[in-house]
Amino acid sequence: MAREIAVAPHVVTEGSTIRHATLCEEHVVTQLTEEAVRTERADGREFVYPRSEIALALSTGRFEIISSS
């Protein structure tokens, strides 16, 4: 489904908060599409990642799920 990324036991959806494990930067997922994931940091900076890259980063621990909405 385009509106979520499942990383057991969590599901990332729009509104979820993820944190970069090395940089300790928190990002809120603002948009999920078939191809991309758009996030925003607290300072307002936006990032767009390929969906497959975020799924891999979450499964390998590069990003951590802080909260799922």
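This note sets out, point by point, the main features of a predicted model of a protein chain.

1. Overall architecture. The protein chain contains 1 helix and 7 strands. Read from the N terminus, the order of these elements is β-β-β-β-β-β-α-β.

2. Dimensions. The C-alpha trace extends over about 30 × 20 × 20 Å along its principal axes. The radius of gyration of the protein chain is 11 Å, and because a compact globule with 69 residues would have a value near 11 Å, the two agree.

3. Interior and contacts. Of the 69 residues in the protein chain, 33% are buried. Among contacts with a sequence separation of 6 or more, 38% join residues that lie 24 or more positions apart.

4. Surface and charge. The protein chain exposes about 4100 Å², and 52% of this area is supplied by carbon and sulfur atoms. The chain carries 7 positive and 11 negative charges, whose mean positions lie 2 Å apart.

5. The helix. Helix α1 comprises residues 51–60, and its buried residues include Arg51, Ile54, Ala57 and Leu58. These four cover an arc of only 130° around the axis, and therefore they sit on the same side of α1. An α-helix has 3.6 residues a turn, so residues three or four places apart point the same way. On the other side of α1, the residues Ser52, Leu56, Ser59 and Thr60 are exposed. Just after the helix, Gly61 adopts a positive phi of about 90°.

6. Thr17. This residue is placed in strand β3, which spans residues 17–20. Its relative accessibility is 13%, so Thr17 counts as buried, the cut-off being under 20%. Leaving aside residues up to four places away in sequence, Thr17 touches Glu26, His27 and Val28, and also Glu64, Ile65, Ile66 and Ser67.

7. Cys24. The backbone at this position deserves separate mention. Most residues other than glycine have a negative phi. Cys24, although it is not a glycine, has a positive phi of about 55°. Cys24 lies in the loop between β3 and β4, the latter covering residues 26–32. Cys24 has a relative accessible area of 55% and is therefore exposed, since the term applies over 50%.

8. Two positions side by side. Thr17 belongs to strand β3 and is buried, whereas Cys24 belongs to the loop between β3 and β4 and is exposed. A positive phi is found at Cys24 and also at Gly61, just after α1.

Note on methods
Residues numbered from 1 in each chain as written. Predicted model: local features only at pLDDT ≥ 70, side-chain atom pairs only at ≥ 80, totals over all residues. Heavy atoms only, no water. Helix = DSSP H or I, 4+ residues; strand = E, 2+ residues; numbered from the N terminus. Buried < 20%, exposed > 50% of the residue type's maximum accessible area, 1.4 Å probe, protein only. Contact = heavy atoms within 4.5 Å. Rg over C-alpha atoms; globule rule 2.2 N^0.38 Å. Areas by Shrake-Rupley, 256 points an atom, 1.4 Å probe, with all protein chains shown as cover. Lys, Arg positive; Asp, Glu negative; His and termini not counted. Charge placed at Lys NZ, Arg CZ, Asp CG, Glu CD. Arc of directions from axis to C-beta.
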